[in-house]
Amino acid sequence: MGARRFRWVLHVDLDQFLAAVEVLRRPELAGRPVIVGGRGDPAERTVVSTASYEARAHGVRSGMPLRVAVRKVPEAVVLPVDREAYDAASAQVMEALRGLGTVVEVLGWDEAFLGYDGEDPEAFARRAQRAVLDASGLHCSVGIGDNKIRAKIATGFGKPAGVYRLCAQTWSEVMGERPTGDLWGVGARVSRRLAGLGFDTVAQLAAADEADLVGEFGPRMGAWYGELGRGQGSAVVDDTPWVARGHSRETTYQRNLTTPGQVEAALRELAAQAHADTEAEGRAVFRVGLKVRYAPFFTRTLSRKLPAPTRSLEEVTAAVLDLAAGLEPGREVRLLGVRAEMVMPDGGTGGGSTPVRGRV
C-alpha cells in the first residue's frame, strides 16, 4: 500500500511478548514468574530479555543482569531466548493485522503501527486485538493517537490488554506534569541533560525556547525534543519493507578479557561476523562502531567514518582495531561489540530519517 497519512494512528504492542509465547508453549507456567534471557543460565553473564508481569511485580526489568533478576525472584522459571519461536509468533501477528485491510508498519517482533480514517478508532482497536488473539493466542495493548508519538505513548496507559487514546486535546492534561523520561525516545541520559537546562516535566519541555534545546543538542535533535514535548509527530504509516542501516555483533564474556591480545582477537572475530552480515546483503560499509563495557559495568562507544565505502573485511577490521587504540589500557573488559553501518540501496547513508523511528 505504501505510505499514507491517516486521521488516526494505532500502535499495537504485544504484552510481555517473549514470556507470553513461552507460556503458550507451556500452559503450566501461567500465573508464575517467568524470566527469558540468554541461554537461561543465571550463572552466565547475560541480561533479561523480558519478564512476565508476575516477575515484574518483584522489580525484574528488561536489560537487568539475569543473576540479579533471579535474586529478586528465586522461584522464577528462567528460560533461554528462542528466536525461531518468537519469529514465528510475530509473523502470525503481523499477518493478522494486515488482514484488517489497512497499512501496517512493522516496528519489530512485538509492535506495529496501523492507520485508520474512520469515526471509531476504539472499535477498530478492539478488532485488532481480537484478530491478534484469534491468530496467535497472544494479547496486545493498543494506543490510539492523532500521530505516531501520541499513539506510541498511549499504549503504555493501555497495558495490559487495554485500549487508550491520547491526542492533541488531552496531551497537556495527561502528559504535562510527567517527567521527560516518560516520552518515547528520551532516555535517562537525555532526561538528565534536559533537567540541567531546567526542563524536568513534559510541560516545561513543551514551553522551552528552541534556541536552548538547539544549543544543547544541535539543530536536528534540539528541534526534535521540542516537538516531542508538545506531542508533535508524523501521522504517516508506511508499510515499505524496512532496510537495515547496519549490523551489530556483540559478546559478553564469561571471564573478563585482561590482555590486549585477547581484546584484539575478540574484535577480529566480531568484525568478521558483522562484515559477513553486510556481505549477505551485498552492501558496502561506510562507518564502523565499537562498544566496550569495562568491568564492573562502565560502557563506552566509539565510531569512525571510513575514507570510502568498502566491502573489504581487511579494511573493516583495520578500522575497528584503530578505534580500539582509544580504549583505556589496563582495564578489564566484560563486553565488546562491533557495528558496521552500510550504504543504503539508493546510495545514501540514511542520515536524514526521523530521529525516533522505533526500529533498531
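**Group meeting: helix packing and sheets in a predicted model**

Good morning. I begin with a pair of helices: α6, residues 148-158, packs with α7, residues 168-175, at an angle of about 50°, their axes being 12 Å apart. At that angle α6 counts as oblique to α7. The crossing in which α6 passes α7 is left-handed. On the α6 side, the residues involved are R150, I153 and F157, and they meet A168, W171, V174 and M175 of α7. Sorted by class, this contact of α6 with α7 comprises six nonpolar residues, no polar residue and one charged residue.

I should state at once that this is a predicted model. The average pLDDT of the protein is 94, and 96% of the residues score at least 70. There is one stretch I would ask you to treat with caution: over residues 351-360 pLDDT stays under 50. For that stretch the model has 26 contacts beyond four places in sequence. Where pLDDT is low, the predicted coordinates should not be read in detail.

Let me turn to a second helix pair. Helix α8 covers residues 188-196 and helix α10 covers residues 210-217; their axes come within 11 Å and cross at roughly 130°. This crossing angle makes α8 oblique to α10. The handedness of the crossing of α8 and α10 is right-handed. From α8, V190, R193 and L194 make the contact, and from α10 the residues are L213, E216 and F217. Here the classes are four nonpolar, no polar and two charged residues.

I now move to the sheets. Which order do the strands take in the open sheet of five? The order is β6-β7-β2-β8-β9, and the pairing is mixed. At the edges stand β6, residues 104-108, and β9, residues 163-166, each of which pairs on one side only. From one strand to the next, the twist averages 20°.

Within this sheet, strand β2, residues 8-14, runs antiparallel to strand β8, residues 140-145, and six bridges join the two. As an example of the register, D13 stands opposite S141 in β8. In general terms, the strands of a sheet pair through backbone hydrogen bonds, either parallel or antiparallel.

Two helices pack on the five-stranded sheet. Helix α5, residues 121-136, touches β2, β7, β8 and β9, and its direction makes about 155° with that of β8. Helix α4, residues 83-98, lies across β2, β6 and β7, the last of these being residues 111-116. The direction of α4 runs at about 160° to β6.

There is also an open sheet of three strands, in the order β4-β3-β5, again with mixed pairing. β4, residues 50-51, and β5, residues 77-79, are at the edges with a single partner strand each, so one side of each has no neighbour in the sheet. Strand β3, residues 34-36, is joined to β4 by two bridges, and these strands run antiparallel. One pairing to look for is I35, whose bridge partner in β4 is A51. Helix α1, residues 17-25, packs on this sheet and touches β3, β4 and β5. The direction of α1 makes about 115° with that of β3.

I close with the backbone geometry. Most residues other than glycine have a negative phi, and most peptide bonds are trans. Where does this model depart from that pattern? The loop between α6 and β9 holds P160, and the peptide bond from K159 to P160 is cis, with omega near -5°. A161 is found in the loop between α6 and β9 as well, and its phi is near 60°, a positive value in a residue other than glycine.

A further cis peptide bond joins A295 and P296, with omega about 5°. P296 lies in the loop that connects β12, residues 285-294, with β13, residues 298-310.

Finally, Q16 is not a glycine, yet it has a positive phi of about 40°. Q16 belongs to the loop between β2 and α1. That loop therefore links two elements already described: β2, which is joined by bridges to β8, and α1, which packs on the sheet of three strands.

Thank you; I am glad to take questions.

Notes. Residues numbered from 1 in each chain as written. Predicted model: local features only at pLDDT ≥ 70, side-chain atom pairs only at ≥ 80, totals over all residues. Heavy atoms only, no water. Axes fitted to C-alpha atoms, helices over the stretch in contact; angles between N-to-C directions. Helix = DSSP H or I, 4+ residues; strand = E, 2+ residues; numbered from the N terminus. Parallel < 35°, antiparallel > 145°, perpendicular 65-115°, else oblique. Left-handed = near helix turned anticlockwise from the far one by under 90°. Contact = heavy atoms within 4.5 Å. Nonpolar A, V, L, I, M, F, W, Y, C, P; charged D, E, K, R; others polar. pLDDT = per-residue confidence, 0-100. Pairing = 2+ DSSP bridges.
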